[in-house]
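Here are my notes on the model you sent over, point by point. Have it open on screen while you read.

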Amino acid sequence: MSDILALDIETANFSHEIGGWKNTHLFEPSVVATWDGNDGTIYCNKGLDVDNTVKALHPKTLGEDLADHVEKGGQILGHNIKGFDLPVLRDALDCWTASDLMKSDSVIDTRNMVSKAALSVAKVDTSLGMLTKHTLDTGKLMNSADAPIAWRAGKYDEVAKYCLSDAKLTYDLYQFGKSEGYISSRSLETGEVVEIEVDW
């Protein structure tokens with residue numbers, strides 16, 4: 001088990017349907033996935049046909065797993081995890097551990113870290129898709145906006161695999177930045193791909 005546990009969530013609805021991103025309590029979490037570099041766990045309340053451990057998407061189940069990881073000295077990693085994933089889990093799923101994590105030093109948010117590091121270089125696209133495309137030469141399985149549509153169409157396996165894939169991409173991006181000291185993205189000002197020095 002790695003000391004880093006990457007987390008990603010998907011929702012069954014869109015921000016524009018609930019009055020904006022700030023209404024985190026109105027999102028409907030559909031899938032949560034975690035990845036430690038070797039093993040993935042998918043939390044979902046639908047029957048899935050996937051090659052990973054599947055657990056119920058329940059605040060107690062997810063909360064205890066996250067708390068256990070942190071209590072053992074681990075950290076929780078996510079891309080915009082402080083701005084979206086944890087607030088939604090706290091407010092919409094009533095997951096008490098998400099609330100505790102929001103106040104702890106055990107959370108690593110790659111989007112926040114990239115935004116701060118890029119200030120000295122250029123204004124860059126901080127989306128996970130753009131960062132992994134130019135840093136890891138790897139694309140996302142689907143666009144984020146397509147996940148709720150796929151979920152509503154009953155494509156639960158696809159959404160679960162996509163969610164886990166994003167957790168893996170976040171993990172790989174973090175590990176690359178940690179070992180190489182930089183990541184890459186596209187400048188919003190010039191359109192050029194630029195390297196951003198990171199001290200992770």
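**Notes on the model**

1. Start with a strand contact: Ile76 sits opposite Val107 in E6. Keep in mind throughout that this is a predicted model. The two strands involved, E5 and E6, run parallel and are joined by three bridges. E5 covers residues 75-78, and E6 covers 107-109.

2. Ile76 also takes you to the other neighbour of E5. Leu5 has Ile76 as its bridge partner in E5. Here E1 pairs with E5 in the parallel sense, again over three bridges. If you are tracing the sheet on screen, Ile76 is a handy anchor, with Val107 opposite in E6 and Leu5 as its partner in E1.

3. Which way does E1 run relative to E2? The two are antiparallel, with six bridges joining them. E2 spans residues 29-35, and within it Val32 stands opposite Ile9.

4. How well covered is E1? Eight of its eight residues are buried. Ile4, Ala6, Asp8 and Glu10 point one way, while Leu5, Leu7, Ile9 and Thr11 point the other. That fits the general pattern, in which side chains of a regular strand alternate between the two faces of the sheet. Do notice that Asp8 and Glu10 are on the buried list along with the rest.

5. Now for the largest pocket, which has a volume of about 730 Å³. Its lining counts 32 residues, and Trp21, Asn80, Phe84, Ser144 and Tyr162 are the ones nearest the centre. By type, the lining divides into 14 polar, 11 nonpolar and seven charged residues.

6. Which element gives the largest share of that lining? E1 does, with five residues. At least two residues each come from E1 (4-11), H2 (81-91), H5 (128-135), H6 (146-152) and H7 (156-180). So that you have E1 straight, because under 20% relative accessible area counts as buried, a residue can be buried and still line a pocket: E1 is buried in eight of eight residues and supplies five to the lining.

7. H2 deserves a look of its own. Its buried residues are Ile81, Phe84, Asp85, Leu86, Pro87, Val88 and Leu89. Phe84 is also one of the residues nearest the centre of the largest pocket. The cover over the buried residues of H2 includes E1, E2, E5 and E6, along with helices H1 (59-71) and H3 (96-102).

8. Pro148 is worth a click. This proline is found in helix H6 and counts as buried because its relative accessible area is 4%. Leaving aside residues up to four places away in sequence, Pro148 touches Thr11, Ala12, Asn13 and Phe14. Thr11 is one of the buried residues of E1. Pro148 and Ser30 are 118 residues apart in sequence, yet their C-alpha atoms are 8.6 Å apart in space.

9. Two backbone angles to check. Most residues other than glycine have a negative phi. Asp94, which is not a glycine, has a positive phi of about 60°, and Asp137, not a glycine either, has a positive phi of about 55°. Where do they sit? Asp94 is in the loop between H2 and H3, and Asp137 is in the loop between H5 and H6. Buried or exposed? Asp94 is exposed, at 58% relative accessible area, and Asp137 counts as exposed too, at 71%.

10. Last, the overall picture. The protein chain has seven helices and eight strands. Its radius of gyration is 16 Å, which agrees with the value near 16 Å for a compact globule of 200 residues. The C-alpha trace spans about 45 × 40 × 35 Å along its principal axes. Buried residues make up 50% of the 200. Of the contacts with a separation of 6 or more, 65% are between residues 24 or more positions apart.

How values were computed:
Residues are numbered from 1 along each chain as its sequence is written. This is a predicted model: local features need pLDDT of at least 70, side-chain atom pairs count only at pLDDT 80 or more; totals for chains, interfaces and linings use all residues. Side-chain values use heavy atoms; hydrogens and water are left out. On a 1 Å grid over the protein atoms alone, a cavity is a set of points where a 1.4 Å probe fits but cannot get out, and a pocket is an open set with protein on both sides within 12 Å along at least five of seven lines; lining residues have an atom within 4 Å of a point. Grid points are joined across faces, edges and corners, and a volume is the space filled by probe spheres set on the points. Ala, Val, Leu, Ile, Met, Phe, Trp, Tyr, Cys and Pro count as nonpolar, Asp, Glu, Lys and Arg as charged, and the others, Gly among them, as polar. Buried means under 20% relative accessible area, exposed over 50%, partly exposed in between (1.4 Å probe, protein chains only). Two strands pair if DSSP finds at least two bridges between them. The radius of gyration is taken over C-alpha atoms; the globule rule is 2.2 Å times the number of residues to the power 0.38. Contact means heavy atoms within 4.5 Å.
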